[in-house]
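Visitor: I would like to look closely at a single part of this protein, and I would be glad if you could go slowly and explain each term as it comes up. May I begin with one residue and let you build the surroundings around it?

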Amino acid sequence: MSEKKSVLLEASTKMASLSDSDVSSSISVNVPSDVQVTALSGGLYHIKWAFDISSIENARGSQETTFRLDQYSSAFYKLTLKFYKQDREPDQCECSPDTQFMVNLKLKREACPTSQWLISMDGRDQSAAVWSRVGRCQKIILDQLPYIVCKSETFPVIPDWDATEIPCQFWIKFYQSVGEINAHRQFTNLYVNQLNCDVSFSFDEINEDEPIGGHVFLLSARSSVFAAMFHGGMQETSTRKVCIKDIKADIFKQLLHYIYSGRTSSKLSEENAQPLFVAADMYDIEDLKDECVQFLLTCIKLENAINLMAWAHVHAVDSLKEAELAFVASHGKEICKQDDWERLIKNYPDLCLLATRSMWK
């Protein structure tokens, strides 16, 4: 069973057994007055909100609110409820109101631009699962979409007689518990604020950046290369000074930020994903390598297909190379007309042969 399925099963079991006492006895988080957030154990959060139907005049519309989970991250969450009115089905209970609402929900996480914590949008902070219950309907699971969005299918909601609002509840399960999150934050704080550093990194560049500090114990725990450097009798073992020659300063600083926090200090892009992969490979940071590859898989297009395929070939990134070969095979005519194809023939004849064969399959 995959990690995600395991988390979903665990969260589903836990939420099925939630009671009012579970909620009232846990930790509340400061949020806007129309939203109540409660932090449960194991990275699970319970959110309460109300769908106001007292002043609805139009047949369709939307309501939204914004809140944040302070104990998880400083990112904001925007909750949007879209609705349209529909006449009650004839076979429904006679005690029900004449109108029901067809509803769909969307929960989107947005980074706070003023936060000192740089929030990556690359997956480290994504929730494992999101559940909801609106009114008396059963709990539904929201589908997870790209760009940190969770969305439900459209479903009917029948208000109680004389009701002015319909209660909405959400449960958000994260991969990490509050304790794990706080530990990550404390490690990140050590690096961001350069506290108690015992090793210094300088950069061999024309416009030399200011040296940046780090911590031997943490770097050694995260990287076998750093462990050998600081504990293997090398020069750096005694000097605690490292000159970085083969990686640009901004890329190395993002690598360090990832080592401490589990996230990059800026959003992955087509410009930084490849050099970050190379840096992570050089220092044996496998999880960062995986994130860079997963991002690059979403960047495949006609304009970069040949060069990205060659890069994946050189760096032995098999999953990306196979995806590129499949893309090239399905766009053979357009690919072969590009100038990059001629350079591929000259510089990587074996890869060109492989790509040509894939076109003829």
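Visitor: Does F203 count as buried or exposed, and at what relative accessibility?

Guide: F203 counts as buried, because its relative accessibility is 2% (buried means under 20% relative accessible area, exposed over 50%, and partly exposed in between, with a 1.4 Å probe and protein chains only). Before going further, please note that this is a predicted model, in which local features need pLDDT of at least 70 and side-chain atom pairs count only at pLDDT 80 or more, while totals for chains, interfaces and linings use all residues. Residues are numbered from 1 along each chain as its sequence is written, and side-chain values use heavy atoms, with hydrogens and water left out.

To set the scene, the protein has 361 residues, of which 43% count as buried, and its chain forms 14 helices and 15 strands (DSSP runs numbered from the N terminus, with H or I over at least four residues for a helix and E over at least two for a strand). When contacts with a separation of 6 or more are considered, 61% of them are between residues 24 or more positions apart (a contact means heavy atoms within 4.5 Å).

Let us now turn to the rings, beginning with how they are described. A pair of aromatic rings is described by the distance of the centres and the angle of the planes. The rings of Phe, Tyr and Trp (its six-membered ring) pair if their centres lie within 6.5 Å, with planes under 30 degrees apart called stacked, over 60 edge-to-face and the rest tilted. By this rule the structure has 12 aromatic pairs. One of them serves as a first example: F51 and F101 meet edge-to-face, at 5.4 Å from centre to centre and with 75° between their planes. Since F51 belongs to strand β3 and F101 to strand β6 (residues 99–110), this pair ties together parts that are 50 residues apart in sequence. Both F51 and F101 are buried.

Your residue takes part in a pair of this kind too, for F203 and F252 are arranged edge-to-face, with 5.9 Å between the centres and 70° between the planes. This pair links distant parts of the chain, as F203 sits in strand β13 (residues 199–203) and F252 in helix α7, 49 residues away. The partner F252 is buried as well, its relative accessible area being 0%. If we leave aside the neighbours within four places in sequence, F252 is in contact with F201, F203, F226, I244, I247 and Y283. Several of these names return in one aromatic cluster, which is formed by F201, F203, F226, F230, F252 and Y283.

From the rings we may step out to the core. The largest nonpolar core has 55 residues, and those with the most contacts inside it are F201 and F252 (such a core is a set of buried Ala, Val, Leu, Ile, Met, Phe, Trp, Tyr and Cys residues joined through side-chain atoms within 4.5 Å). Helix α7, which covers residues 249–261, gives the most to this core, with eight residues. Apart from it lies another core of 31 residues, including V37, L105, C137 and F174.

A last word concerns the charged residues, which meet in six salt bridges (a side-chain nitrogen of Lys or Arg within 4 Å of a carboxyl oxygen of Asp or Glu). In one of them, R136 and D160 bring their closest N and O atoms to 3.1 Å, and this pair links distant parts of the chain, 24 residues apart, with R136 in the loop between β7 and β8 and D160 in the loop between β11 and β12. R136 is exposed, at 59% relative accessible area, whereas D160 is partly exposed, at 44%. The side chains of E270 and K301 also form a salt bridge, at 3.1 Å from N to O, and they connect the loop between α7 and α8 with the loop between α9 and α10, 31 residues apart. E270 is partly exposed at 35%, and K301 is partly exposed at 34%. Another salt bridge joins E286 to K289, with the closest N and O atoms 3.4 Å apart; because these two are three residues apart in helix α9, about one helical turn separates them. E286 is partly exposed at 40%, while K289 is buried at 13%. Through shared partners, salt bridges join D281, E286 and K289 into one network.
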